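Visitor: I am new to this structure and would like to be led through it step by step. Could you show it to me before we begin?

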Amino acid sequence: MSALYVLDVPENRPVAEVAARDERALSLRRVGPYFEIVFDREIVIDRRTTGCRHAVWYSSVAGTREARITQWDKDSLRLESA
Amino acid sequence: MTGAPHLVRGVDHVAYPTLDPAATVAFYRDALGFPVVHSICAVGWGPEDHPDFIHFFFDIGNGDRLAFFYYFGYEPPQRGVKGDVYARFEDDIPDFFVASRHLAIHVDSEADLLEYRRRLDDSQWPVELQVQHETIESIYTHDPNGYFVEITRALRPVTPQEDLDANLTIDALLDVLRAERPTMDALLARKAELILERAADWSAPNVATGVSPR
């Protein structure tokens with residue numbers, strides 16, 4: 001199953017929260033100081049919904065498991081199962 | 001981890017050449033207010049073709065120093081169209097690479113940052129850029145030698161988990177560099193493996209999570 005990892009620092013929390021609200025998100029759990037968001041096939045995070053400005057937005061992904069990033073621009077971060 | 005004690009205590013000095021010591025003093029001492037704290041007048045140094053030079057130092061706080069060399073009678077040919085007096089590049093080298101090497105000097109507060117902004121804006125070298133990333137705020141300019149200088153303040157302390165994350169990033173990078181063509185995709189995949197191997201048992205006291213699992 002595909003997963004996205006986000007480090008738990010204050011600026012990143014909205015990224016994990018918005019990701020976990022995606023209907024394709026299957027679970028949100030902690031792995032040490034990281035959030036792990038497991039998802040099915042695809043997940044899309046809308047930057048404006050997160051409230052992140054650009055510096056944090058473009059450094060908010062800590063890791064990806066069985067997934068690749070297919071969009072990461074000022075609008076959205078999209079990951080697809082790989 | 002080697003386990004060896006970490007004994008060093010910051011920057012003693014970093015040294016750059018200058019072709020224009022008058023402007024360098026005007027920028028660092030007179031505009032920014034960095035005291036001159038040391039200088040060496042070296043005559044007949046080294047091999048016969050070594051020019052006489054002045055090696056002079058500015059206090060950049062915390063006991064750390066920024067130093068310059070001025071060599072009498074020596075001016076290297078200025079090849080290239082961009083860069084600084086030490087490193088020149090032709091137009092085919094992208095700006096992100098040219099601007100990557102810089103010196104960042106720390107201040108403790110917004111008031112202190114704005115004080116240096118005022119000093120620079122009153123000088124011949126006004127602030128070119130003021131940026132507030134979410135975790136730091138910085139001002140930038142180029143000194144008279146073309147060196148890129150940043151003055152920065154932290155908006156919050158670095159957390160223990162960021163140190164862990166930095167180490168996982170570097171270990172993942174070292175792993176993916178063995179591939180013929182390292183990519184960010186490969187790094188993020190390797191880092192996820194390291195998170196699962198090494199982060200699960202990590203804990204820092206008094207770090208609230210804020211987000212609860214569904």
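Visitor: Against which elements do the buried residues of H1(A) pack?
Guide: This is a predicted model, in which local features need pLDDT of at least 70 and side-chain atom pairs count only at pLDDT 80 or more, while totals for chains, interfaces and linings use all residues. Residues are numbered from 1 along each chain as its sequence is written, and chains are lettered from A in the order in which they are written. The buried residues of helix H1 (residues 13–21) of chain A (buried: 20 or more other C-beta atoms, placed from the backbone, within 10 Å of a residue's own) include A:Pro14 and A:Val18. With contact meaning C-beta atoms within 7 Å, they pack against strands E1 (2–7), E2 (25–31), E3 (34–39) and E4 (42–46) and helix H2 (47–50) of chain A.

Visitor: Which strands stand at the edges of the sheet E4-E7-E6 in chain A?
Guide: Helices (H or I, at least four residues) and strands (E, at least two) are DSSP runs, numbered from the N terminus, and two strands pair if DSSP finds at least two bridges between them. The three strands form an open, antiparallel sheet in the order E4-E7-E6. One side of each edge strand is left without a neighbour in the sheet, because each has a single partner strand, and these edge strands are E4 and E6 (67–72) of chain A.

Visitor: How many bridges join E6(A) to E7(A)?
Guide: A:Ala67 stands opposite A:Ser81 in E7(A). Strand E7 (residues 76–81) of chain A runs antiparallel to E6(A), and the number of bridges joining them is five.

Methods:
A residue is buried if 20 or more other C-beta atoms lie within 10 Å of its own, exposed if 12 or fewer, and partly exposed in between; C-beta atoms are placed from the backbone. Two residues are in contact if their C-beta atoms, placed from the backbone, lie within 7 Å.
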